[in-house]
Number of protein chains: 2
Amino acid sequence: MPRVGLSPDGVVDAAITIVDAEGPAALTLSAVAAQAGVATPSLYKHVRNLAELRRLITLRVVQELTERLGDAVLGRSGDDAVRAIMRAYRSYVVDHPARYAAMDQAPDPEPRLEAASDRLLGIILAALRAYELDGSDLVHAARALRSSAHGFAILEASGGFGLPEDLETSYELLITMVTGGLRR
Amino acid sequence: MPRVGLSPDGVVDAAITIVDAEGPAALTLSAVAAQAGVATPSLYKHVRNLAELRRLITLRVVQELTERLGDAVLGRSGDDAVRAIMRAYRSYVVDHPARYAAMDQAPDPEPRLEAASDRLLGIILAALRAYELDGSDLVHAARALRSSAHGFAILEASGGFGLPEDLETSYELLITMVTGGLRR
DNA sequence: AGCATTAGCTAAGAGCATTAGCTTTAAGGC
DNA sequence: GCCTTAAAGCTAATGCTCTTAGCTAATGCT
């Protein structure tokens, strides 16, 4: 039994490899263990159970997404920032559709996930600063932006768009709707 | 062994009862069988397997949603029709959040589901008629509408909105964005 | 070098989906 | 009104999953 140097992050890495390669439904502890080169029960040394692993995957995705959005919004403001955020959002999902679709809803109170979500929200709020919305309106605007981006993302990631028309064009229309609506 | 008069629809009824009461994660064939008053393997006389049952639940939700949207849009056109559709969409999700969250993505080619989705799309397209969009733009507009409504719906149904601000108000902003964007 | 910690293992149990094969009910033709 | 037949239900059994318990061996610290 040579040690393989696993860690919670390593388990998440293996899990994401499985999800990316075979889809969210293929996420099983034995598959993850095989990918990590370890027997299944060994995973419990690093992760409490399957539910927690799912939450850690969600956390990872939120972190990766946050990083992209943060990079995209640097040095931009107003409509330009919102467009950049929405395009970066979709670009992440196009690059990692299975990973995005594997995100767990049902937020058991995982504090690190809450922190990561707050950082993502912070980026969105910063991008909305130029519109000079007051406190509550800012929240409503952020929700509208997030709903649009997330809705399109999930539908695209899970193959919900049947017709052959170009998805870029559809998404640009959606972005126009959001920026236009923010300008009031 | 008295007969209980089960049918595929009856199995879906039982499944939806479980999902509504205990959430999508509680959907298990033994739970459905218990709810239906039958031993687990008996379900296979009506449903091919668990994956098919999931698809049938999705089908049922799409059908129910289509009916609501159809009712809502009657006698309306333009912005009024779009507003009515979006409000009806959310009202369904508020009434049946677990059921909505249980919808299966990953559309294995279930022809009845495709037909139901087409009918739902037809209602949306009809509501967009007043904007006088040509063929491709019509599809893009329908996708934007659907993304917005679905994104907000899923986030709300799975508890994704953390802050205490009023959700009605957020959704009305989203509706305004969509109608405004459609008017160009 | 010695010791505590911990990453890994095997063995075992419970719950799930699914298949096979049997029994009984209900429906329809004579 | 029976008798056949299709189907609705059952029990038994298999294999996969997650999970726990308890052991062994590798690592890190002093």
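**A walk through chain A, its partner and the DNA**

Reading along the sequence, you will find that chain A follows the pattern α-α-α-α-α-α-α-α. Its secondary structure thus comes to 8 helices and 0 strands. Please keep in mind that you are looking at a predicted model.

Let's take the overall build of this chain next. The C-alpha trace of chain A spans about 65 × 40 × 30 Å along its principal axes. Of the 184 residues in chain A, 40% are buried. If you consider the contacts in chain A with a separation of 6 or more, 67% of them join residues that are 24 or more positions apart.

Now turn to the place where chain A meets chain B. The contact takes 32 residues from chain A and 32 residues from chain B. On the chain A side, the elements that give two or more residues are α7 (135-157) and α8 (167-182). The largest share of this side comes from α7(A), with 13 residues. By class, the side of chain A that touches chain B has 15 nonpolar residues, 15 polar residues and 2 charged residues.

Finally, let's visit DNA strand C. There are 21 residues around this strand, and those that come nearest are Leu6(A), Ala39(A) and Ser42(A) from chain A, together with Leu29(B) and Asn49(B) from chain B. The elements that give two or more residues to the surface near DNA strand C belong to chain B: they are α2 (29-36) and α3 (50-73). Sorted by class, the residues of the surface near DNA strand C are 12 nonpolar, 6 polar and 3 charged.

Technical notes:
Residues are numbered from 1 along each chain as its sequence is written. Chains are lettered from A and ligands numbered from 1 in the order in which they are written. This is a predicted model: local features need pLDDT of at least 70, side-chain atom pairs count only at pLDDT 80 or more; totals for chains, interfaces and linings use all residues. A residue is near a molecule or strand if its C-beta atom, placed from the backbone, lies within 6 Å of it. Helices (H or I, at least four residues) and strands (E, at least two) are DSSP runs, numbered from the N terminus. Ala, Val, Leu, Ile, Met, Phe, Trp, Tyr, Cys and Pro count as nonpolar, Asp, Glu, Lys and Arg as charged, and the others, Gly among them, as polar. A residue is buried if 20 or more other C-beta atoms lie within 10 Å of its own, exposed if 12 or fewer, and partly exposed in between; C-beta atoms are placed from the backbone. Two residues are in contact if their C-beta atoms, placed from the backbone, lie within 7 Å.
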